[in-house]
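Got your viewer open? Here's a short walk through the model, one selection at a time.

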Amino acid sequence: MFDVLVIGGGVIGASVLRELSKYDLKICLLEKESDVCMGASRANSGVVHAGFDAAEGTLKAKFNVEGNLMMEGICKELGVKYKKNGSLVVAFSDEDLNTLQSLKARGEANGVGELEIISAEELRELEPNLSDEAVGALYAKTGGIVCPYELTISLIGNAMDNGAVLYTDFEAVSAKKEKGAFTVTASDGRQVQGKIVVNCAGLYSGKVAEFFGDDSIKIGARKGEYILLDRECAGFVTRTLFFTPTKLGKGVLVLPTVDNNILLGPTAEEMDIPDTETTQEGLNWVIEKAKKMCKNIPFYNTITSFAGIRAYSDRHDFIVEKSPKVEGLINCAGIESPGLTSAPAIAKYVVNGLIGALLPLNKNVEFNPYRRPDYFFKNLTDEEKNQIIKKDPTYGRIICRCEQITEGEIICACTENPRATTVDGVKRRTRAGMGRCQGGFCQPYVAEIIAKCNNLPLTEVTKSGKKSNLLQGVSK
Amino acid sequence: MKHDIVIIGGGPAGLAAAVAAFDGGVKDVVILERGEELGGILNQCIHNGFGLTRFKESLSGPEYAERFIDKVRERGIKYYLETTVISLDKNKTVKAVNPELGFFTIEAKSIILAMGCRERSRGALNVAGTRPAGIYSAGTAQKYVNVKGYMPGKEVVILGSGDIGLIMARRMTLEGAKVHAVCEIMPYSSGLKRNIVQCLDDFGIPLYLNHTITKIEGTDRVTGVTISEVDAQKRPITGTERHFSCDTVLFSVGLIPENELTKSCGITLSPKTRGAVVSQTRETMERGIFACGNVLQVHDLVDFVSEEAEIAGRYSAQYVLNGEGVYDFLDTQAGDNISYVLPQKINKGVDGNVKLFFRVKNTFKNCTIRIKSGNEVILERKKKIAVPGEMETLILTADKVQNLSSPVTVELEV
């Protein structure tokens with residue numbers, strides 16, 4: 001019997017789990033996929049928003065501003081890359097310039113600091129590759145970037161290091177409540193018991209709430225397609241560039257990632273049946289819009305394109321509340337943008353505010369906010385690296401040449417919380433296969449390491465779980 | 001650590017360069033190879049056809065490599081395996097890492113870049129659809145089949161008619177897979193004619209020219225692709241879609257010289273070859289740093305890689321023994337219907353003939369290839385056929401080189 005079950009291993013579930021692991025509680029994360037971070041949190045812009053976007057008084061505004069202030073500290077503890085690169089909302093017309101004034105006022109009302117309207121000249125000095133048509137911008141110095149899957153995986157890993165339990169391939173399909181505790185059943189028949197359930201199931205949070213007996217949540221899905229450029233383009237832009245929002249929507253972003261790639265996107269396509277296919281129209285639209293934002297975009301350095309799904313609710317604000325229907329169920333749903341930024345603040349509120357009202361929260365005296373140093377091999381000096389290589393020569397063998405990832409780091413990803421069991425899992429934890437050759441050289445080696453660490457034949461190794469086997473038998 | 005000549009890469013280019021440098025009089029030569037063995041990509045090319053030009057016999061890739069590895073061993077040339085070069089600077093300091101030594105640096109008198117190339121991936125093309133398992137570049141599939149002994153799939157569609165794609169169409173067929181189609185967006189194949197005949201025609205595998213994959217399907221594993229014909233602007237033509245059920249898509253859509261180290265060192269690159277700008281000695285625009293093989297220009301035949309590497313090795317040795325020579329550069333340039341010319345510079349300070357390598361932009365029949373210096377035609381050759389997939393060469397004799405006074409242009413007239 002667990003004290004708290006968290007359903008959904010995205011950034012919200014991960015943040016809640018890690019916040020819970022600070023207390024003396026038995027906690028468990030239920031994830032329906034073979035790995036954590038497989039939904040919205042694995043494919044989004046990675047922007048840590050300043051907080052001028054959401055209307056005053058909304059949960060979005062409140063959690064965004066709080067989360068923005070918390071993000072740097074959390075990333076530092078977990079060794080997750082974070083950069084306060086600043087955001088620019090770029091105006092292309094007088095009308096846009098007017099909108100910037102109201103955005104600035106809204107941001108100030110929300111409590112966002114360091115907001116400034118800058119001229120076209122100042123703008124060009126900051127971002128020389130910006131379009132000549134730009135006439136000014138709102139500069140939010142507190143805007144930042146983070147790697148969303150690195151953050152999510154690290155939060156879960158740290159929570160597990162502090163005692164949290166993870167069940168993968170656990171697709172919750174039904175729940176019943178008896179004697180003040182929930183029994184949640186998975187599609188494969190496994191069962192788990194918990195006193196409190198936090199529903200962080202993203203796209204599926206409406207469905208999950210429903211089988212608990214709460215039909216109050218209506219979720220829609222929006223697809224976003226992206227194009228990623230080689231980190232050889234580092235410095236093409238250094239800040240996150242937004243179009244000024246109009247009635248027609250927000251347009252695409254052009255921004256650097258913490259790993260020095262350049263990211264273009266997303267589209268915003270309403271989906272009846274969610275999928276993560278890229279489309280020719282979508283990618284062309286991204287290219288067209290990005291070209292309006294910047295000149296001379298080095299598209300020849302494209303290394304991949306992808307799509308992510310974001311969930312939104314019919315309330316058009318975050319839902320972070322005790323279920324109005326089911327005692328002991330807490331819903332975190334409709335967490336669209338700025339959900340990533342808001343995650344730490346949402347988690348704090350859910351744990352201290354909502355769970356604290358239901359369960360005693362006693363400090364976990366052994367809680368360690370830091371991750372094992374093995375994760376930070378890349379950041380060490382050559383001398384420090386050589387000391388590790390002397391003890392473990394696998395750290396001297398580079399497997400992914402594009403991102404310079406060693407065998408030791410990949411083994412670490414396959415053996416440390418939360419363990420990678422798939423090629424994509426290794427990729428999201430280490431960046432092996434994320435570079436310009438997209439795994440062309442390293443994939444066979446990564447697959448062999450996964451097979452060895454998990455005691456599997458190579459033919460059983462998958463790209464991302466289920467039936468995504470890399471190979472279809474042996475050659476003659 | 002100090003060595004006279006450091007060669008980055010132990011594939012065909014690095015091996016031939018090492019032997020030539022040694023035979024050129026420099027005994028302190030060291031090869032840094034990131035793989036587990038010498039030979040580079042040849043180790044996975046178990047088909048034959050290698051060495052026809054150089055050895056007048058048909059060898060497999062590993063056999064071809066072995067001839068050079070033997071020479072390296074006979075000479076006692078030092079090599080480090082599983083050793084990845086991390087950085088390189090203009091002072092010729094090379095930083096590398098391997099499991100045994102950890103991170104270490106070598107100060108060299110001369111460096112030969114021989115890192116080869118990589119395959120362009122699906123991602124670089126923005127091919128729409130899902131991202132399931134079963135999408136490989138042709139070389140990755142070749143590694144799985146020939147080295148690891150596994151089948152990447154059973155029902156295959158190949159995009160791109162580069163040589164590796166053609167070879168893999170045959171290889172997968174021989175291994176019992178069904179190759180449904182090879183699609184090529186261009187109106188011609190970028191592969192060698194002999195590979196079209198021996199790998200596709202002989203096995204009845206259809207080649208769809210002017211076609212591309214417009215959608216990939218499948219959630220866990222690939223389940224199918226849609227291909228479409230393209231117009232002159234390479235845009236898919238609506239109504240020409242054709243669907244294939246398959247579990248595997250192979251990409252053979254071009255090779256890119258792996259010049260990240262070259263770039264980080266600040267060596268001038270050619271936007272056309274995506275390799276370093278060199279003179280006929282294969283010296284880059286940094287004195288004492290040479291480049292050869294596929295890191296310099298993507299060759300069709302390994303025989304030419306060896307030939308080019310020997311030039312680099314020989315002149316690298318001369319650089320170490322004699323120091324800087326005389327530098328008196330003239331540019332070469334690609335004229336009408338020519339996509340690039342290498343070397344990009346002719347150094348008149350160096351004696352001897354200069355062999356110009358170049359590629360034509362399209363398929364041409366009964367054409368004339370001309371070399372001009374300024375407006376003066378200095379060499380002319382008639383060709384029955386010239387295709388982009390086969391590199392062309394012409395030799396400027398030493399006397400002609402000495403008389404050059406204006407930039408050299410190679411052009412093709414139909």
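## Start at a turn in chain A

Select P266(A), which sits in the loop between β16 (262-265) and β17 (269-271) of chain A. Keep in mind as you look around that this is a predicted model. Now add the residue before the proline: G265(A) and P266(A) are joined by a cis peptide bond, with omega about 0°. Why pause here? Most peptide bonds are trans, and most residues other than glycine have a negative phi.

That second point leads to the next stop. Pick N260(A), in the loop between β15 (253-256) and β16 of chain A. N260(A) is not a glycine, yet its phi is positive, at about 75°.

## Two helices and the loop that links them

Jump along chain A to P418(A), placed in the loop between α10 and α11. Here's another cis peptide bond: the one from N417(A) to P418(A), with omega near -20°.

Now show the helices on either side, α10 (residues 407-415) and α11 (residues 423-430) of chain A; their axes come within 10 Å and cross at roughly 115°. α10(A) and α11(A) are therefore roughly perpendicular to each other. As for handedness, this crossing is right-handed.

Which residues meet where these helices touch? From α10(A) you want E409(A), I410(A), A413(A) and C414(A), and from α11(A) take V426(A), R429(A) and T430(A). Colour them by class and you'll get 4 nonpolar, 1 polar and 2 charged residues.

## A second helix pair

Stay in chain A and select α1 (residues 11-20) with α5 (residues 148-161): they pack at an angle of about 30°, their axes 8 Å apart. That angle makes α1(A) roughly parallel to α5(A). The crossing of α1(A) and α5(A) is left-handed.

Turn on side chains for the contact. On the α1(A) side are V11(A), A14(A), S15(A), L17(A) and R18(A), while the α5(A) side includes L151(A), L155(A) and I156(A). By class, the contact of α1(A) with α5(A) has 8 nonpolar, 3 polar and 1 charged.

## Across to chain B

Bring both chains into view. Here 41 residues of chain B are in contact with 45 residues of chain A. To see chain B's side, highlight β6 (84-88), β7 (93-98), β8 (102-113), β9 (117-119) and α3 (138-148), the elements that each give two or more residues. Which of them gives the most? It's α3(B), with 6 residues. Chain B's side divides into 13 nonpolar, 15 polar and 13 charged residues.

## The domains of chain B

Try three colours on chain B: the domain assignment gives domain 1 (1-119 + 254-325), domain 2 (121-253) and domain 3 (327-414). The centres of domain 1 and domain 3 of chain B are 25 Å apart. Their contact takes 13 residues from domain 1 and 17 residues from domain 3.

## Last stop: a sheet

Finish with an open sheet of 5 strands in chain B, in the order β22-β20-β27-β24-β25, with mixed pairing. Which strands stand at the edges? They are β22 (345-347) and β25 (376-386) of chain B, each with a single partner strand, so one side of each is left without a neighbour in the sheet. From one strand to the next, the twist averages 20°.

Zoom in on β24 (residues 364-373) of chain B, joined to β25(B) by 9 bridges; these two run antiparallel. For one such pair, click I369(B): its bridge partner in β25(B) is R381(B).

Terms used:
Residues numbered from 1 in each chain as written. Chains lettered and ligands numbered in written order. Predicted model: local features only at pLDDT ≥ 70, side-chain atom pairs only at ≥ 80, totals over all residues. Pairing = 2+ DSSP bridges. Helix = DSSP H or I, 4+ residues; strand = E, 2+ residues; numbered from the N terminus. Axes fitted to C-alpha atoms, helices over the stretch in contact; angles between N-to-C directions. Contact = placed C-beta atoms within 7 Å. Nonpolar A, V, L, I, M, F, W, Y, C, P; charged D, E, K, R; others polar. Domains from an automatic or database assignment. Parallel < 35°, antiparallel > 145°, perpendicular 65-115°, else oblique. Left-handed = near helix turned anticlockwise from the far one by under 90°.
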